[in-house]
Amino acid sequence: MVKMVSVDKAVVARLKIKEMNFEVLVDPKKAWDLKKGLKVPINEILAYPAIYKNARSGESAQQSELQKAFGSTDIYKIAEEIVKRGEFSLTTEQKREMIEEKKNLIASLISKRAINPQTNTPHPPQRILNAMDQVGVNVDPFLDAELQIERVLKEIKKVLPIKFQKTLLQIKIPAEFIGKSYSIISNAGEIKSESYGNDGSLIIEIEIFSGVQDDFFRKLSEVTKGSFESKIIKKMDV
């Protein structure tokens with residue numbers, strides 16, 4: 001069952017066509033994802049399946065007006081067009097929540113990729129968040145987190161010893177654990193080579209961000225009962 005968007009938390013998305021105003025009530029986060037080109041079902045975005053002339057007063061658009069402006073009376077098709085082509089704004093609280101969510105995501109991504117060069121250990125996300133607050137990093141709630149990492153990293157370097165580093169590992173997995181382990185390995189980084197030993201074991205060279213190494217080994221240990229072998233071939237600053 002699709003969870004309905006709360007009307008209290010919804011924002012108005014509006015589009016003007018042929019001097020007529022059309023509005024829908026939407027979830028701001030999911031509407032923005034759709035506007036960016038992500039695949040989000042429109043029924044998960046709408047707070048209520050209706051097209052309005054004025055959403056706040058509840059004045060609905062007439063069928064004839066919809067037909068004239070959109071060449072259709074299909075509410076979901078029209079609503080999707082309004083979200084994609086139209087404009088919508090956030091309340092101060094909604095924007096604050098989205099900024100906090102994006103900050104947490106950026107800190108998590110940096111934590112998984114970076115290390116403290118003084119100790120060669122990862123920085124926990126909270127330490128990175130603290131550094132972001134200390135230097136006053138501005139986070140765009142609408143811009144992809146990946147596109148903000150380089151700028152954020154440059155700023156927090158002013159107060160935090162940090163660098164991105166990759167590690168090239170050789171991993172040997174016993175034959176009986178290959179099936180359970182392979183998805184963990186392939187999702188952890190870039191596989192550079194793979195071969196099989198005479199005993200049927202899988203030998204893989206994989207390049208991962210150094211910050212995720214401990215978590216990677218923990219996951220492998222769980223599925224192989226600790227029987228995998230690993231060797232660091234080299235470390236590279238990126």
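What follows is a short talk on a predicted model of one protein chain.

Before the details, a word on conventions: this is a predicted model, so local features need pLDDT of at least 70 and side-chain atom pairs count only at pLDDT 80 or more, while totals for chains, interfaces and linings use all residues. Residues are numbered from 1 along each chain as its sequence is written, and side-chain values use heavy atoms, with hydrogens and water left out.

Let me start with the chain as a whole. It has 8 helices and 10 strands, where helices (H or I, at least four residues) and strands (E, at least two) are DSSP runs numbered from the N terminus. The radius of gyration is 25 Å, well over the 18 Å that the globule rule gives for 238 residues, so the chain is more spread out than a compact globule; here the radius is taken over C-alpha atoms, and the rule is 2.2 Å times the number of residues to the power 0.38. Along its principal axes the C-alpha trace spans about 75 × 45 × 25 Å.

Buried residues make up 40% of the 238, with buried meaning under 20% relative accessible area, exposed over 50%, and partly exposed in between (1.4 Å probe, protein chains only). The chain exposes about 13,600 Å², of which carbon and sulfur atoms supply 48%, the areas coming from the Shrake-Rupley method with a 1.4 Å probe, and for residues only the protein chains shown count as cover. Among contacts (heavy atoms within 4.5 Å) between residues at least 6 apart in sequence, 67% join residues at least 24 apart. As for charge, there are 38 positive and 33 negative side chains, and the centres of the two sets lie 2 Å apart; Lys and Arg count as positive and Asp and Glu as negative, with His and the chain ends not counted, and each charge is placed at NZ of Lys, CZ of Arg, CG of Asp or CD of Glu.

Now to helix α4, residues 92-113. Its 22 residues reach 32 Å from the first C-alpha to the last, close to the 32 Å expected at 1.5 Å a residue, the expected span being 1.5 Å times one less than the number of residues. Which residues of α4 are buried? Among them are Gln 94, Met 98, Ile 106, Leu 109 and Ile 110, and the list also includes charged residues such as Lys 102, Lys 103 and Arg 113. As general background, an α-helix has 3.6 residues a turn, so residues three or four places apart point the same way.

Lys 102 deserves a closer look, since it is buried with a relative accessible area of 11%. Leaving out residues up to four places away in sequence, Lys 102 touches Val 139, Asp 140, Pro 141, Phe 142, Leu 143, Asp 144, Ala 145 and Gln 148. Of these partners, Val 139 sits in the loop between α5 (125-135) and α6 (149-156) and counts as buried at 10% relative accessibility. Val 139 in turn touches Ile 99, Lys 102, Lys 103, Ile 106, Met 132, Gln 148 and Arg 151, under the same sequence exclusion.

A second region involves strand β7 (residues 163-173), which holds Lys 166. Is Lys 166 buried, partly exposed or exposed? Lys 166 is partly exposed, at 22% relative accessible area. Its C-alpha is separated by 5.2 Å from that of Met 236, although the two are 70 residues apart along the chain, and its contacts beyond four places in sequence include Glu 207, Phe 209, Ser 210 and Lys 235.

Ser 210 belongs to the loop between β9 (202-209) and α8 (213-224) and is buried at 8%. Beyond its sequence neighbours within four places, Ser 210 is in contact with Arg 113, Ile 115, Gln 165, Lys 166, Thr 167 and Lys 235, and Arg 113 is one of the buried residues of α4. Gln 213, in helix α8, is buried at 12%, and its contacts, with the same exclusion, include Thr 167 and Lys 235.

Finally, two backbone points. Most residues other than glycine have a negative phi. Glu 19, in the loop between β1 (11-17) and β2 (20-26), has a positive phi of about 65° and is exposed at 70%. Lys 225, in the loop between α8 and β10 (229-237), has a positive phi of about 60° and is exposed at 74%.
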